[in-house]
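User: Could you teach me how to read the features of a model, one at a time? I would like the general idea each time and then the case at hand.

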Amino acid sequence: MVLMTMIARVADGLPLAASMQEDEQSGRSLVDYQNQAKMLFRKLNDQSPPKCSIETGPLIFHYLIEGGVCYLVLCEKGYAKRLAFGYLEELQQEFYEQYSRRVSTVSRPYSFIEFDTFIQKTKKSYTDTRARRNMANINTELQDVQRIMVQNIDDVMQRGVALSELDSKASNLSHLSQKYRQDAKYLNLRSRNAKIAAVVTLVVVFLVYLRYWWF
């Protein structure tokens with residue numbers, strides 16, 4: 001079952017559109033999962049896998065990145081992965097057709113919230129796994145979903161922390177390297193000046209020696 005859908009810009013994690021609902025059967029709130037999705041968006045970049053599944057407790061995120069936009073859905077773990085990515089691909093195609101030229105220009109969160117109408121319509125057609133259309137999607141070679149990477153939400157979030165620490169260490173190393181180059185340049189200058197001073201001193205001593213002993 002599709003529980004939540006969110007679309008965001010990869011460059012900065014800005015949410016562009018969303019659709020979510022309460023899990024009425026269990027009374028479970030999806031607000032925590034929505035916050036997880038927002039944190040996940042902020043960790044994505046151009047090097048992120050274009051398709052990925054991320055387990056989070058009893059549920060699972062599936063996302064698809066295309067054209068600098070991330071399309072993400074939250075499902076129950078038992079929901080067919082092929083259906084989930086078929087659903088995301090339909091959203092991607094329609095969203096690209098409607099908003100691709102405006103994605104990079106907006107600055108307000110959920111600037112395309114009206115896209116929820118299409119999300120709701122598409123979600124209905126993917127709700128019943130017994131529907132003829134859905135069975136066709138499962139049986140066709142839509143994509144090799146078995147090869148899509150599966151990760152854990154805690155590992156993904158921790159990786160973001162580790163990357164931040166690595167960036168910080170790299171920045172510190174760059175600063176130390178720059179300081180080292182400055183110190184080395186200063187020491188080289190001092191060494192050169194010392195050598196010049198030594199040569200000048202020898203010349204002066206030699207001239208004094210000549211003056212007093214030969215003239």
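**Reading the model**

Analyst: Let's begin at the surface: valine 200 counts as partly exposed, at 46% relative accessibility. Buried means under 20% relative accessible area, exposed over 50%, and partly exposed in between (1.4 Å probe, protein chains only). The model is predicted, so local features need pLDDT of at least 70 and side-chain atom pairs count only at pLDDT 80 or more, while totals for chains, interfaces and linings use all residues. Residues are numbered from 1 along each chain as its sequence is written, and side-chain values use heavy atoms, with hydrogens and water left out.

User: Which residues make a nonpolar surface patch with Val200?

Analyst: A patch takes residues with over 30% relative accessible area and no salt bridge; like charges are joined within 9 Å, nonpolar side chains (Val, Leu, Ile, Met, Phe, Trp, Tyr) within 5 Å. Here Ile196 and Val204 join Val200 in a patch of about 250 Å², the area coming from the Shrake-Rupley method with a 1.4 Å probe and, for residues, only the protein chains shown as cover. Valine 200 lies in helix α5 (residues 153-214).

User: How many helices and strands does the protein chain have?

Analyst: Helices (H or I, at least four residues) and strands (E, at least two) are DSSP runs, numbered from the N terminus. The protein chain has five helices and six strands, in the order β-β-α-β-β-β-α-α-α-β-α. Of its 215 residues, 35% count as buried.

User: Which residues of the largest nonpolar core touch the most other members?

Analyst: In soluble globular proteins, nonpolar side chains tend to be buried together. A nonpolar core is a set of buried Ala, Val, Leu, Ile, Met, Phe, Trp, Tyr and Cys residues joined through side-chain atoms within 4.5 Å. The largest one has 26 residues, and Ile7, Leu16, Tyr87, Phe95 and Phe115 touch the most other members. Two or more residues come from each of β1 (2-9), β2 (15-20), β4 (59-66), β5 (69-76) and α2 (81-99), with α2 giving the most, eight residues. A second, separate core has 21 residues, among them Ala8, Ala37, Leu44 and Tyr63.

User: What is phenylalanine 95 in contact with?

Analyst: Contact means heavy atoms within 4.5 Å. Leaving aside neighbours within four places in sequence, phenylalanine 95 is in contact with Ile7, Leu16, Val69, Tyr71, Ser100, Val103, Phe112 and Phe115.

User: How many salt bridges are there?

Analyst: A salt bridge needs a side-chain nitrogen of Lys or Arg within 4 Å of a carboxyl oxygen of Asp or Glu. The whole structure holds two. One joins aspartate 12 and arginine 9 (2.7 Å, N to O); aspartate 12 is partly exposed at 42%, whereas arginine 9 is buried at 11%. Another pairs lysine 51 with glutamate 89, closest N and O atoms 3.6 Å apart. That pair links distant parts of the chain, from strand β3 (residues 51-56) to helix α2, 38 residues apart.

User: Why is there no disulfide bond between cysteine 52 and cysteine 70?

Analyst: A disulfide is a covalent bond between the sulfur atoms of two cysteines, counted here when the two sulfurs lie within 2.5 Å. The count is zero. Cysteine 52 has its closest cysteine sulfur in cysteine 70, and at 9.7 Å that is too far for a bond. Cysteine 52 is buried at 1% relative accessible area, and cysteine 70 is buried at 1% as well.

User: What is the phi of tyrosine 110?

Analyst: Most residues other than glycine have a negative phi. Tyrosine 110 has a positive phi of about 55° although it is not a glycine. Its place is in the loop between α2 and α3 (116-125), and tyrosine 110 is partly exposed at 21% relative accessibility.
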